[in-house]
Amino acid sequence: MAIEMIMGTLTAGHGERRGRFLAYAGRRARLALWMTALALLFAPGCVQRRLMIRSDPPGAMVYVDDYQIGATPIATNFTYYGTRKIRLVKDGYQTLTVYERIDPPWYQVPPFDFFSENVAAGEIRDMRVLDYRLVPQVVSPPQNLLDRAEELRARSETPLPPSVLPVN
């Protein structure tokens, strides 16, 4: 009669078949454990960062960090947190340039970011919404512009007082 040590128990004789089954089940369990560990290690965990920009009135052209994105309302992906230069341009409205700080959420701060980017199963979405109100552009009448130009010309033609003259 063969005596074996399988999974911490002694089997003898006709229990040999049972022992082989337990050994096979043990190998299978270890394989499943390794497969689970590898799946978790290489899981497609990721964080999708999205920036939504809206304006009142809609239809303003948006530039993020001097790259044209499109007309509002618009959403775009971003990779890094930090300060972004956002410029909105629309005919009839003053151009609006804003430096917007986008702070990371708690799960994107080291060491938590490793787990949210690599280990967490599924997708984590970080959506930031920025709303801006554009101010109508004030159009001055052409005659006011000409009057100001004449005034500046007249001031530039007057001689400087001796105390302001440059010394040679």
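## Rings and charge

Arg87 lies over the face of Tyr63, 4.3 Å from the ring centre. Here a charge counts as over a ring if NZ of Lys or CZ of Arg is within 6 Å of the ring centre and within 35 degrees of the ring normal.

Rings of Phe, Tyr and Trp (its six-membered ring) pair if their centres lie within 6.5 Å; planes under 30 degrees apart are stacked, over 60 edge-to-face, the rest tilted. That rule gives one aromatic pair. The ring centres of Phe78 and Tyr81 are 5.5 Å apart and the planes meet at 85°, so the pair is edge-to-face. Phe78 and Tyr81 are both buried (under 20% relative accessible area; exposed is over 50%, partly exposed in between; 1.4 Å probe, protein chains only).

## Basis and confidence

This is a predicted model: local features need pLDDT of at least 70, side-chain atom pairs count only at pLDDT 80 or more, and totals for chains, interfaces and linings use all residues. Residues are numbered from 1 along each chain as its sequence is written, and side-chain values use heavy atoms, with hydrogens and water left out.

The chain has a mean pLDDT of 79 (the predictor's confidence in each residue, from 0 to 100), and 70% of its residues reach 70 or more. Among the elements, strand β4 (residues 61–64) has the highest mean, 96, and strand β1 (residues 3–6) the lowest, 46. Over residues 1–8 pLDDT stays under 50. For that stretch the model has 19 contacts beyond four places in sequence (heavy atoms within 4.5 Å).

## The four-stranded sheet

Strands are DSSP runs of E, at least two residues, numbered from the N terminus. Two strands pair if DSSP finds at least two bridges between them. One open sheet has four strands in the order β5-β4-β7-β8, paired antiparallel. Its edge strands, β5 (67–71) and β8 (96–102), each pair on one side only.

Strand β7 (residues 82–89) runs antiparallel to β8, joined by seven bridges. Ile86 stands opposite Val98 in β8.

## Strand β3 and its partners

Strand β3 (residues 46–56) has two faces. Val47, Arg49, Leu51, Ile53 and Ser55 form the covered face. Cys46, Gln48, Arg50, Met52, Arg54 and Asp56 form the uncovered one.

β3 pairs with strand β9 (residues 123–133) in the parallel sense, over eleven bridges. Arg54, on the uncovered face, stands opposite Asp131 in β9. With strand β6 (residues 74–77), β3 pairs in the antiparallel sense over four bridges. Ile53, on the covered face, has Ile74 in β6 as its bridge partner.
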